[in-house]
Amino acid sequence: MNALPRVVVALLALLFITPAWGQTPAVDDILTALRGGGYVIVVRHGATNSDQADTDPLNPENVTKQRHLNDKGRAQAKAVGEVFKAAGVPIGKAYSSRFQRAVDTARLIGGKEPHALLDVTEGGLVVSPKENNRRAQAFRTLASTPPDAGTNTLIVTHKPNIFDAFGKDWFEIREGEASIFKPDGAGKYQLIGRVQIDDWEKAKR
């Protein structure tokens with residue numbers, strides 16, 4: 001066992017242990033696994049301005065009528081991107097909601113312009129229950145799709161989308177929080193762990 005590279009040890013540990021909430025692997029181990037690719041990183045957008053609201057939610061192109069990242073949210077997302085870069089975490093495909101706070105979070109973390117998808121755009125009461133259900137299923141499909149070889153997929157979206165797609169354990173998901181999933185290649189996925197946005201910088205790497 002001692003002869004195995006550290007990355008292989010971490011991958012084996014993450015693949016065969018399904019952590020219950022409160023038993024998430026250490027951030028260092030998650031980063032080590034992410035270096036090898038094969039994971040989907042789902043992030044709720046970063047911290048936002050509490051005095052703003054989406055006053056034209058049916059038109060996400062109307063950026064001036066949206067809630068935006070605040071200075072803390074931008075700084076935290078940028079810091080995560082720097083941690084990923086320093087740790088050698090490869091981001092392949094990057095997706096986001098069409099709302100600007102999600103686009104900006106994805107860009108700062110992934111270091112590239114994300115593909116803004118309706119499938120992970122917040123709907124809530126402004127769209128029909130049927131459309132909300134469609135988006136939740138489409139989101140689960142993204143989470144169960146293996147990334148391109150040697151990369152990880154990044155998805156930045158909203159609390160309601162994450163809750164609808166993955167269930168009650170995400171009811172209190174915080175801004176910037178990441179959920180790491182391992183697709184199995186057969187249409188399913190396994191939760192590996194959840195990381196608060198400030199905890200990435202605490203990793204030893």
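**Close-up A. Aspartate 119 and its salt-bridge partner in a predicted model.** Aspartate 119 has 24% relative accessibility and therefore counts as partly exposed (buried means under 20% relative accessible area, exposed over 50%, partly exposed in between, with a 1.4 Å probe and protein chains only). Salt bridges that share partners join Asp119 with Glu131, Arg134 and Arg135 in one network; a salt bridge here is a side-chain nitrogen of Lys or Arg within 4 Å of a carboxyl oxygen of Asp or Glu. Within this network, arginine 134 pairs with aspartate 119, their closest N and O atoms lying 2.9 Å apart. Because arginine 134 sits in helix H5 (residues 129-143) and aspartate 119 in the loop between strand E3 (115-116) and H5, the pair ties together parts 15 residues apart in sequence. Helices (H or I, at least four residues) and strands (E, at least two) are DSSP runs, numbered from the N terminus. Arginine 134, at 34% relative accessibility, is partly exposed too.

This is a predicted model, in which local features need pLDDT of at least 70 and side-chain atom pairs count only at pLDDT 80 or more, while totals for chains, interfaces and linings use all residues. Residues are numbered from 1 along each chain as its sequence is written, and side-chain values use heavy atoms, with hydrogens and water left out.

**Close-up B. Arginine 101 meets aspartate 54.** Here is one salt bridge with its closest N and O atoms 2.8 Å apart, formed by arginine 101 and aspartate 54. The pair links distant parts of the chain, with arginine 101 in helix H4 (residues 100-110) and aspartate 54 in the loop between strand E1 (40-44) and helix H3 (71-87), 47 residues apart. Arginine 101 is buried at 0% relative accessibility, whereas aspartate 54 is partly exposed at 21%.

**Close-up C. Glutamate 61 and arginine 98.** The side chains of glutamate 61 and arginine 98 form a salt bridge at 2.1 Å, N to O. Glutamate 61 belongs to the loop between E1 and H3, and arginine 98 to the loop between strand E2 (91-96) and H4, so parts 37 residues apart in sequence are tied together. Glutamate 61 is exposed, at 55% relative accessibility, and arginine 98 is partly exposed, at 29%.

**Close-up D. Where H5 crosses H6.** The axes of H5 and helix H6 (residues 159-166) come within 9 Å and cross at roughly 80°; axes are lines fitted to C-alpha atoms, for helices over the stretch in contact, and angles run from 0 to 180 degrees between N-to-C directions. H5 and H6 are therefore roughly perpendicular (65 to 115 degrees). Among the residues in contact (heavy atoms within 4.5 Å) are Phe139 of H5 and Ile162 of H6.

Methods
Angles under 35 degrees count as roughly parallel, over 145 as roughly antiparallel, 65 to 115 as roughly perpendicular and the rest as oblique.
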